[in-house]
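Visitor: Got a model here I'd like to go through. Can you take some quick questions?
Guide: Sure, go ahead.

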Amino acid sequence: MHERIGALVLAAGKGTRMKSDAPKVLKTLLGEPMLRYGLDALAALFGERVFTVVGHRAEMVEAAFPGMAGRFVLQAEQRGTGHALAAALPRLAAEGLGYVLVVNGDAPLVTAESLRAFVDTALAEAADLAFVTIEVPEAGAYGRVVRRDGAVRIVEAKDYDASRDGPVTGEINAGVYLLRLGAVAPLVAEIGNDNKSGEYYITDLVALAGGAGLSVLAVNRGPDPAYLGINSPRELVAAEELLRRRRVEELLEAGVIIRAAESVRIGPAVSVAPGVELCGPLELYGHTAVALGAAIASHNVLRDATIGENAVVHAFCHLEGARVAAGAQVGPYARLRPGAVLEEGARVGNFVEMKKAVLGRGAKASHLTYLGDASVGAEANIGAGTITCNYDGVHKHKTVIGEKAFIGSNSALVAPVTIGAGALVGAGSVITSDVPDGALALGRGRQVTKSRK
């Protein structure tokens, strides 16, 4: 892409129709902020020459994208898209850009390929100002495109007057513009706010450019849903469904087996190897990675989890920030919290929870167990009902269990404590002191049996 072209994302608005005080661009689709999709598409074209205008709850938006630090422009007062562009012009000029691609931050469906095609068309036509239009059955709140007497302009939905502007054609403004700054920047100061909202609209630049004799190009993309913005909860979930289908189709084409695909949700940064078997309903988010030969059953939620080759995640599990090595098994009904690690061939079964704990190679915790702040050696066996008591009310403490140790059922290991390699803890014990290698530890009251009478 031409080195003097950069991008500007308009993300300062509140989005009142979303019925939330949080910035609209932070509403999530498939577990990722709406704004992330547009930024990723633009970064693929322009690298670090992508800038974002923020305003409402600006600190929240900036905190959500630490990699964009230094490339935010503050629109202190949100007075419309034209005002946002004006606020950004000094920064764009300082970057020495000849052109800027302006994109709304609420358009998560747009792709790098589509944007590249638009830019290439605009440059080939030597347009001073080009913008994308699409055709929709219902224009709704989108700006209408009016073509008359060889000229083109955009009229915001609130200000559209059929007696003046003609019948609605279904062609709308998609909110994507390529501006030759040397020609268009001087016109920004001429944008007025004589409209029902009292705001400064970037759409007015189209008529201003035409009136100034500049070359204006409207690129009609037909009924392309990729350019649709999000203005309401209904549009949010509709866009998310389009993204979901797109992602599932990509993985099916790549050789992933996805059963009940209509109920599988996979985020944009998730990596799934060809040949993996997935079954819906299923949710994979964040930077989850699933390796060759692995299988993930239905009713699971994974976020930022790593699943090794030939590992199996049975149904009804929740994994977050966990690592499951090759050949390991999880579940059903297991919860692996951040820092949980299953080494090769390890197994956790039903109703087992792990947090900041490592289950060594071939070790087992088959049911009804909590392992927190713990290290379990290879081939150790953790009996049902075992608890590592890691919290004393102030600090967390670690439990260390040696390889091939056997922890009897219903045992409580009060940390900090170490159970040696090959040691045996009798069922029902409360262990408060270290147990040497190969020793037997019993920490329970002696049974007394008497007649019922």
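Visitor: How much area does the protein expose, and what share of it do carbon and sulfur atoms supply?
Guide: This is a predicted model. The protein exposes about 20400 Å². Carbon and sulfur atoms supply 51% of that area.

Visitor: And what percentage of the residues count as buried?
Guide: 50% of the 453 residues.

Visitor: Switching to the fold. How many helices and strands are there?
Guide: Eight helices and 37 strands. The radius of gyration is 29 Å, while the globule rule gives 22 Å for 453 residues, so the protein is more spread out than a compact globule.

Visitor: What box do the C-alpha atoms fill?
Guide: Roughly 105 × 50 × 45 Å, along the principal axes.

Visitor: What share of the contacts with a separation of 6 or more comes from residues 24 or more positions apart?
Guide: They account for 40%.

Visitor: Charges next. How far apart are the mean positions of the positive and negative ones?
Guide: 9 Å. The protein has 46 positive and 48 negative charges.

Visitor: Now a single residue. Where does G229 lie?
Guide: In a loop. β11 (216-220) comes before that loop and α8 (233-254) after.

Visitor: Is G229 buried or exposed?
Guide: Buried. Its relative accessible area is 12%, and the cut-off for buried is under 20%.

Visitor: Which residues does G229 touch, leaving out those up to four places away in sequence?
Guide: D106, A107, Y142 and E235.

Visitor: And how far is G229 from A291 in space?
Guide: 35 Å, C-alpha to C-alpha. In sequence, G229 and A291 are 62 residues apart.

Note on methods: Residues are numbered from 1 along each chain as its sequence is written. This is a predicted model: local features need pLDDT of at least 70, side-chain atom pairs count only at pLDDT 80 or more; totals for chains, interfaces and linings use all residues. Side-chain values use heavy atoms; hydrogens and water are left out. Helices (H or I, at least four residues) and strands (E, at least two) are DSSP runs, numbered from the N terminus. The radius of gyration is taken over C-alpha atoms; the globule rule is 2.2 Å times the number of residues to the power 0.38. Buried means under 20% relative accessible area, exposed over 50%, partly exposed in between (1.4 Å probe, protein chains only). Contact means heavy atoms within 4.5 Å. Accessible areas come from the Shrake-Rupley method with a 1.4 Å probe; for residues, only the protein chains shown count as cover. Lys and Arg count as positive and Asp and Glu as negative; His and the chain ends are not counted. The place of a charge is taken as NZ of Lys, CZ of Arg, CG of Asp or CD of Glu.
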